[in-house]
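Q: I'd love a close look at one part of this chain, with some of its surroundings for context. Could you walk me through the backbone there?

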Amino acid sequence: MSSADKVAIVTGAGTGIGRSAALALAKAGYAVTLAGRRVEPLEETAKLAGVQARTLAVPTDVGDPASVKALFAATQEAFGRLDVLFNNAGMGTPAIPMEELTYEQWQAVVDVNLTGAFLCTQEAIRMMKAQDPKGGRIINNGSISAHVPRPFSAPYTATKHAITGLTKSTSLDGRADNIACCQIDVGNAATEMTERMKQGVPQPNGEMMVEPRMDVAHVGDAVAHMASLPLDANIQFMTIMATKMPFIGRG
């Protein structure tokens, strides 16, 4: 199948990395379902994709099973199949000591970052197994925090480490049905979420440091490249980051 016949779902598609990936996939010819909590940013992403792009905006709470089922049902109805899922939706907590975090703050991050990815993966597998031709690719946004933490980021770091386990399990369990799974780990893409880095962010030694960032479009292009491979090839893990960010040596 050419990319012009393929369909993708991108979660967290209203801003940042999700928007960048959705635009890159649309540019490559994919029909793209844009999922996110708020419809207005999704519609803005669709507008940026251009009038020739095939896009569908579906307001979605990825932590809610019924909302996730509705997302995949809408994609099935509009486009008839699913070739790529980009599990990108994510959130963090304020940078405060672990003992000060509330249960509600912890649970909110787990619901979006981990449970949301699991629920979307479940529905993607069901679609990909049932369609003809069978199979597809699931791309998870792991983050640099899937490798090493930032100070005061226990919920985010724990869920992103868990995403690596989900990626590996999905890769194994999807093998028999031609479902590939891979993970992109992003460091310091220039988005609203990383805007604070221009004023300085806490470092492991207690200092504050302004950290370099990179154009988020590079991340979207990387996701589109991972998606473009035939299903007999897979970029299992990719790290894309601002060259001079403090990742190597962090901690």
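Where is Phe152 found?

A: Happy to take a look with you; please keep in mind that this is a predicted model. Phe152 sits in the loop between E5 and helix H5 (154-173). Its backbone deserves a glance: phi of Phe152 is near 60°, which is a positive value in a residue other than glycine. As for its surroundings, Phe152 is partly exposed, because its relative accessible area of 45% falls between the 20% limit for buried and the 50% limit for exposed.

Following the chain past H5 brings us to Asn178, in the loop between H5 and strand E6 (179-187). Here too phi is positive in a non-glycine residue, with Asn178 near 65°. Asn178 also counts as partly exposed, at 37% relative accessibility.

On the other side of E5, the loop that joins helix H4 (103-130) to strand E5 (136-141) holds Pro133. The peptide bond leading from Asp132 into Pro133 is cis, with omega near 0°.

Now for the chain around these loops. It has six helices and nine strands. Its radius of gyration is 17 Å, close to the 18 Å that the globule rule gives for 251 residues, so the chain is as compact as a globular protein of that length. The C-alpha trace spans about 55 × 35 × 35 Å along its principal axes, and 48% of the 251 residues count as buried. Among contacts with a separation of 6 or more, 69% come from residues 24 or more positions apart.

Key
Residues are numbered from 1 along each chain as its sequence is written. This is a predicted model: local features need pLDDT of at least 70, side-chain atom pairs count only at pLDDT 80 or more; totals for chains, interfaces and linings use all residues. Side-chain values use heavy atoms; hydrogens and water are left out. Helices (H or I, at least four residues) and strands (E, at least two) are DSSP runs, numbered from the N terminus. Buried means under 20% relative accessible area, exposed over 50%, partly exposed in between (1.4 Å probe, protein chains only). The radius of gyration is taken over C-alpha atoms; the globule rule is 2.2 Å times the number of residues to the power 0.38. Contact means heavy atoms within 4.5 Å.
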